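Me: I've got a structure open and I'd like to talk it through with you. Can we go from the big picture down to single residues?

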Amino acid sequence: MDFETLRFAKFGQLDAAVTDWSTMVSNLAVLKDDARDGLKAAADKADWSGDNANVTKGFVDKTVREFDDAHKQAKSLWNIVKDTRDELKAYQRQLNEAMERGSAKNLRVAATSGGGFTVTVSTPYVNPPVGPTVPGSSESERDVNALRGELQGILDKATESDHTGSVALRALADQSELGFTGAEYKDRDSADKAIKQADELAAIAKKNPDDLTAKEFDKLNTGLKKMSGDELFSARFAEQLEAQGTLDFWAELNTPSSTDLQRARGDQFDELQKNLSLTLATASHSDSSGMTKWKHEMVELGSQPISKNSGTVGFQVMSNLMRWGNYDNSFLNEYGNELIKTEKERTDNGRHGTWNTPAPLDPTLNRTGSDSGMDPMTGFMKALSSSPDAATEFFNDTFVTKDEDHEFKEDTDGNNKREMRELTNFDYLFEERDWPEDQTDKGEDSIAGRNNMALALEAATTGHPAGEGPREDAPPHSAQQANLMGDLVASVSEDKTRLTDHSYMGDSIGQISSEYLPDMNRAMSDDPGVLEDGEDGKISNLFPIAGSPADLNHRDTTRFLLAVGQTPEGYARVELSQKEYMMNLMDHHLNPDLPTDQRFSPDKNLTVSQISYASGEVAGTLAIGRQEEISGAAEEKDKSYDHALTQTKGAISGGIGIGIGVGTSFIATPAVGAAVGGAAGTATGMFMEEIFKDYEGEAKNEAGPIMAEHWENGRDTNFKHSQEAAIRAAKAHGIPLGDLATYARTGARDGFTDAGPNVAAMGPDLKTDI
């Protein structure tokens with residue numbers, strides 16, 4: 001800061017800027033509230049389907065979030081400008097006051113070229129004040145030095161204030177190239193502190209790990225944990241470390257050695273891995289020039305050895321730093337494309353396995369213990385599980401075309417001639433890839449690779465991060481998501497072992513299934529003379545879908561559910577989801593306020609019967625799958641099913657389960673939807689509590705003659721639940737019960753019973769003795 005610049009500064013324009021930003025913040029606050037309470041509220045209530053449901057509603061949601069981000073960013077900018085202005089005014093006042101005190105002692109301050117200043121004693125004296133500084137005396141030298149030091153200190157602080165304000169403003173403005181950043185800072189000092197702390201921690205991470213002390217490790221680990229969600233901090237940290245430095249730090253830190261740090265803090269490396277991953281995930285959303293360079297270089301370094309004599313490449317390191325956090329979609333897409341390109345080169349387009357197993361001197365890239373981390377696809381799949389849009393795009397992308405040199409063939413037209421086929425990334429990873437064998441830190445076979453793939457598929461097909469369940473205002477399924485669901489069902493139908501040989505994927509596949517129950521119920525309702533169009537509507541009215549429906553057929557859906565039923569977690573999730581979906585459908589169709597064009601039939605008995613039949617067939621198909629799985633070590637396997645049912649209750653109670661997802665996925669109009677609230681919502685909640693009690697009671701019983709017993713119990717409880725759903729829905733809407741309970745019970749009986757012949761016809765490779 002120049003001496004004269006501070007001394008004679010006019011703050012009129014800065015004052016005007018502060019006022020303008022204050023007005024901007026106030027106006028954006030109003031627009032933000034209007035967008036949320038007006039635009040979004042109206043969109044949520046609108047009866048949209050097709051493209052409107054898939055595109056327009058999503059656009060509205062994104063727009064509302066942009067208004068919120070715009071308000072946050074404007075407020076942060078205003079806070080920084082205001083704080084910097086107030087500080088500079090204070091420093092100007094302090095400068096002038098110091099000069100006045102010096103003048104009283106005959107000290108003269110003069111500006112010099114280059115922005116500096118001098119302090120001298122004024123001579124000759126004219127009516128000198130009491131106690132003047134006398135030129136040449138020891139007092140004069142002391143007073144001159146004191147004033148010079150005071151003025152320089154003020155200038156230094158003003159320079160720091162101006163610089164940090166400028167850095168913070170530029171950093172905040174650079175975070176988003178398009179739109180607005182959600183970064184929020186209450187004052188200039190908090191933004192400045194974030195930037196300085198990032199520089200300090202990056203300097204630690206740049207050190208040779210052999211020279212890193214336990215104290216420095218703790219400072220880095222604690223700092224990243226605290227600041228990983230801060231946008232300015234995260235971007236600055238990654239920019240200072242750079243892409244190559246990020247890879248070097250993690251690889252070198254984890255190279256086998258006997259360093260004091262590994263002995264002292266080796267048990268905390270997993271926590272550092274998580275905190276570093278979360279920090280880089282936040283940083284990836286920045287559009288600053290530094291982060292743009294970091295992301296571009298990280299993708300380029302992916303296929304290259306991390307050092308001259310190393311066989312480990314960048315993808316193997318970075319994928320282990322992607323297991324936590326929501327990474328930027330465009331970065332994940334670019335990273336995934338390059339990773340697939342490298343995979344194809346290493347495997348000769350999928351002809352053989354890939355990615356070396358760890359050697360004794362290789363770095364231990366994954367510190368969680370679930371796997372060694374040598375397969376970069378494992379960590380990348382975990383990253384996709386937290387970023388649904390990127391996951392959807394990745395799995396739908398092409399792995400190899402028909403024209404490429406590969407060995408994937410199929411008989412496409414039934415002429416017994418196998419021809420080259422095109423594979424998507426889903427086809428390759430789910431069906432064809434030779435996932436490398438790996439071990440946990442306990443020496444057991446690792447399941448992390450395929451399990452993370454299942455989590456990524458959950459995100460890709462449902463539109464929400466794996467394990468979280470959909471938001472209450474979640475948009476309906478898009479065409480890409482529904483297309484992927486169709487591929488998944490067809491793939492498992494073709495070869496059930498793709499799921500049953502890896503039953504640990506059952507929880508994710510079960511969650512996916514629970515959110516596509518409308519689509520699957522439609523597909524299984526094509527039996528002539530069983531489920532027929534009503535007078536007012538078609539089967540599509542009986543199972544309404546707001547977004548894009550998945551293209552499923554009865555055969556594939558039956559075979560898919562049979563396989564899902566052979567995994568305890570998948571069985572539990574779909575079994576309970578179908579019950580809640582049935583209750584929601586009963587509530588929806590028995591609502592007197594349901595518009596005529598959304599009705600299946602004016603005949604309530606027929607409607608209830610058809611709903612119960614569909615639910616019964618799903619339950620019966622799952623029951624056969626469960627029997628198939630427990631036909632061996634019956635008692636032990638059966639207990640795992642009972643445990644999964646009780647665990648699923650906990651998931652639902654915790655808000656992760658299927659209640660919201662089912663309701664969101666099948667209904668287009670919340671105003672007339674199932675379990676919207678009040679009596680209807682209470683009815684669904686009470687109904688599910690009764691179901692939980694039934695399953696908890698069953699879990700406490702002895703195994704007994706398990707296969708026959710479960711078939712009978714499943715049939716009887718299905719009848720009971722269908723009847724109870726009709727009773728509760730009728731009561732919730734205050735309509736006469738009449739014969740609804742009887743029709744519900746009969747429909748459930750027929751659907752559950754018909755599951756056996758349908759399985760026999762559509763799944764000949766499965767036993768159906770019941």
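**Overall picture**

Reply: Sure. Of the contacts in the protein with a separation of 6 or more, 77% are between residues 24 or more positions apart. Keep in mind that this is a predicted model.

Me: OK, how many helices and strands are there in the protein?
Reply: The protein has 30 helices and six strands. Its chain runs to 770 residues, and 52% of them count as buried.

Me: What's the mean pLDDT of the protein?
Reply: The mean is 81, with 76% of the residues at 70 or more.

Me: And which elements have the lowest and the highest mean pLDDT?
Reply: Helix H27, residues 659-666, has the lowest at 37, and H14 has the highest at 98.

Me: Where does pLDDT stay under 50?
Reply: One such stretch is residues 125-130, for which the model has seven contacts beyond four places in sequence. Another is residues 653-680, and there the model has 77 contacts beyond four places in sequence.

Me: Let's go to H14, then. How do the axes of H14 and H15 cross?
Reply: H14 covers residues 376-385 and H15 covers residues 388-396; their axes come within 7 Å and cross at roughly 125°. The two helices are therefore oblique to each other.

Me: Which residues meet there, in H14 and in H15?
Reply: From H14 you have Phe380, Met381 and Leu384, and these meet Pro388, Ala390, Ala391, Phe394 and Phe395 of H15. By type, the residues of this contact come out as eight nonpolar, no polar and no charged.

Me: What about Ser385, buried or exposed?
Reply: Ser385 belongs to helix H14. Its relative accessibility is 4%, so Ser385 counts as buried.

Me: What does Ser385 touch, not counting residues up to four places away in sequence?
Reply: Ser385 touches Leu455, Ala456, Ala459, Pro465 and Ala466.

Me: Switching helices: how many residues of H16 are buried?
Reply: Seven of the eight, so H16 (residues 425-432) is largely enclosed by the rest of the structure. The buried residues in H16 are Asn425, Phe426, Asp427, Tyr428, Leu429, Phe430 and Glu431.

Me: On to the strands. How many bridges join E1 to E2?
Reply: Five bridges join them, and the strands run antiparallel: E1 is residues 107-111 and E2 is residues 117-121. Val109 sits opposite Val119 in E2.

Me: Which residue in that hairpin of E1 and E2 takes a positive phi?
Reply: Gly114 does, with phi near 90°, and the hairpin has five residues between the strands.

Me: Which residues make up the covered face of E2, and which the uncovered one?
Reply: Phe117, Val119 and Val121 form the covered face, while Thr118 and Thr120 form the uncovered one.

Me: Now the loops. Where is His406?
Reply: His406 is in the loop between strand E3 (398-400) and strand E4 (409-410). It counts as buried because its relative accessibility is 4%.

Me: What is His406 in contact with, leaving aside neighbours within four places in sequence?
Reply: His406 is in contact with Asn349, Arg351, Val400, Thr401, Met420 and Arg421. Met420 is 14 residues from His406 in sequence, and their C-alpha atoms are 7.9 Å apart in space.

Me: Asn349 turned up in that list. Where is Asn349?
Reply: Asn349 is in the loop between H13 and H14. Its phi is near 60°, which is a positive value in a residue other than glycine.

Me: What about Asp348, where is that?
Reply: Asp348 also lies in the loop between helix H13 (329-347) and H14. Phi of Asp348 is positive too, near 55°, and again the residue is something other than glycine.

Me: And how exposed or buried are Asp348 and Asn349?
Reply: Asp348 is partly exposed, at a relative accessible area of 38%. Asn349 has 14% relative accessibility, so Asn349 counts as buried.

Methods: Residues are numbered from 1 along each chain as its sequence is written. This is a predicted model: local features need pLDDT of at least 70, side-chain atom pairs count only at pLDDT 80 or more; totals for chains, interfaces and linings use all residues. Side-chain values use heavy atoms; hydrogens and water are left out. Axes are lines fitted to C-alpha atoms, for helices over the stretch in contact, and angles run from 0 to 180 degrees between N-to-C directions. Helices (H or I, at least four residues) and strands (E, at least two) are DSSP runs, numbered from the N terminus. Angles under 35 degrees count as roughly parallel, over 145 as roughly antiparallel, 65 to 115 as roughly perpendicular and the rest as oblique. Contact means heavy atoms within 4.5 Å. Ala, Val, Leu, Ile, Met, Phe, Trp, Tyr, Cys and Pro count as nonpolar, Asp, Glu, Lys and Arg as charged, and the others, Gly among them, as polar. pLDDT is the predictor's confidence in each residue, from 0 to 100. Two strands pair if DSSP finds at least two bridges between them. Buried means under 20% relative accessible area, exposed over 50%, partly exposed in between (1.4 Å probe, protein chains only).
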